[in-house]
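Trainee: Could you take me through one part of this protein in close detail? I would like to look at a nonpolar patch on the surface and then see the chain around it.

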Amino acid sequence: MEARSSAALVAVAVVALLLVLVPETSRAERFIVGDAARWTWGYNYTDWVIRKGPFFQNDTLVFRYDPPNATVHAHSVYLMRNAADYQSCNLKAAKLVANVMQGAGSGFEFVLKKRKQHYFVCGERGGIHCTMGNMKFVVKPKSSACRDD
């Protein structure tokens, strides 16, 4: 009986130690960009960021959108270089991170690895989705160590 008690205590101690040492990424959250609206023309993503935030390092943003077809316009996901390019929807130095096909099914996942401003836009139709369709938002993740604060 005493051997079982010792084994049980060791098991509890190991589990407690593992809980303390669990990497921060395991506490990361996944967010569907736009919730049920998904990544689409005319949605207010700035309001969505305010409602869903704060965001933390290692959180994942999931961009879901249909591939282009006869009734659906194409969408994409670009990362803008800086605030000025973001404001003007200037795609010249932007980085394409998800093409028109990658939002299908379970969507395209972007992990917020760095604590810096991330400027996301849709680059389709020469930037019109960004300028007129409101398909843009900014996220600056906090340190994942702050999640429990």
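Mentor: Happy to! A word on terms to begin with: helices and strands here are DSSP runs, at least four residues for a helix and at least two for a strand, numbered from the N terminus. Counted that way, the protein chain has 4 helices and 7 strands. Keep in mind as we go that this is a predicted model.

Now to your patch. Trp41, Ile128 and Met132 make up a nonpolar patch on the surface, and together they have about 340 Å² of accessible area. Let's stay with Met132 for a moment. You will find Met132 in the loop that runs between α4 (128-131) and β7 (136-139). Met132 counts as exposed because its relative accessibility is 64%, and the cut-off for exposed is over 50%.

Stepping back to the chain around the patch, the order of elements from the N terminus is α-β-α-β-β-α-β-β-β-α-β. Of the 149 residues in the protein chain, 36% are buried. The chain exposes about 8900 Å², with 57% of that supplied by carbon and sulfur atoms. As for contacts between residues at least 6 apart in sequence, 71% join residues at least 24 apart.

How far can you trust the picture? The mean pLDDT of the protein chain is 86, and 81% of the residues reach 70 or more. Residues 7-25 are another matter: pLDDT stays under 50 there, and the model has 3 contacts beyond four places in sequence for this stretch. Where pLDDT is low, predicted coordinates should not be read in detail.

Note on methods
Residues are numbered from 1 along each chain as its sequence is written. This is a predicted model: local features need pLDDT of at least 70, side-chain atom pairs count only at pLDDT 80 or more; totals for chains, interfaces and linings use all residues. Side-chain values use heavy atoms; hydrogens and water are left out. Patches are made of residues with over 30% relative accessible area and no salt bridge: like charges are joined within 9 Å, nonpolar side chains (Val, Leu, Ile, Met, Phe, Trp, Tyr) within 5 Å. Accessible areas come from the Shrake-Rupley method with a 1.4 Å probe; for residues, only the protein chains shown count as cover. A salt bridge is a side-chain nitrogen of Lys or Arg within 4 Å of a carboxyl oxygen of Asp or Glu. Buried means under 20% relative accessible area, exposed over 50%, partly exposed in between (1.4 Å probe, protein chains only). pLDDT is the predictor's confidence in each residue, from 0 to 100. Contact means heavy atoms within 4.5 Å.
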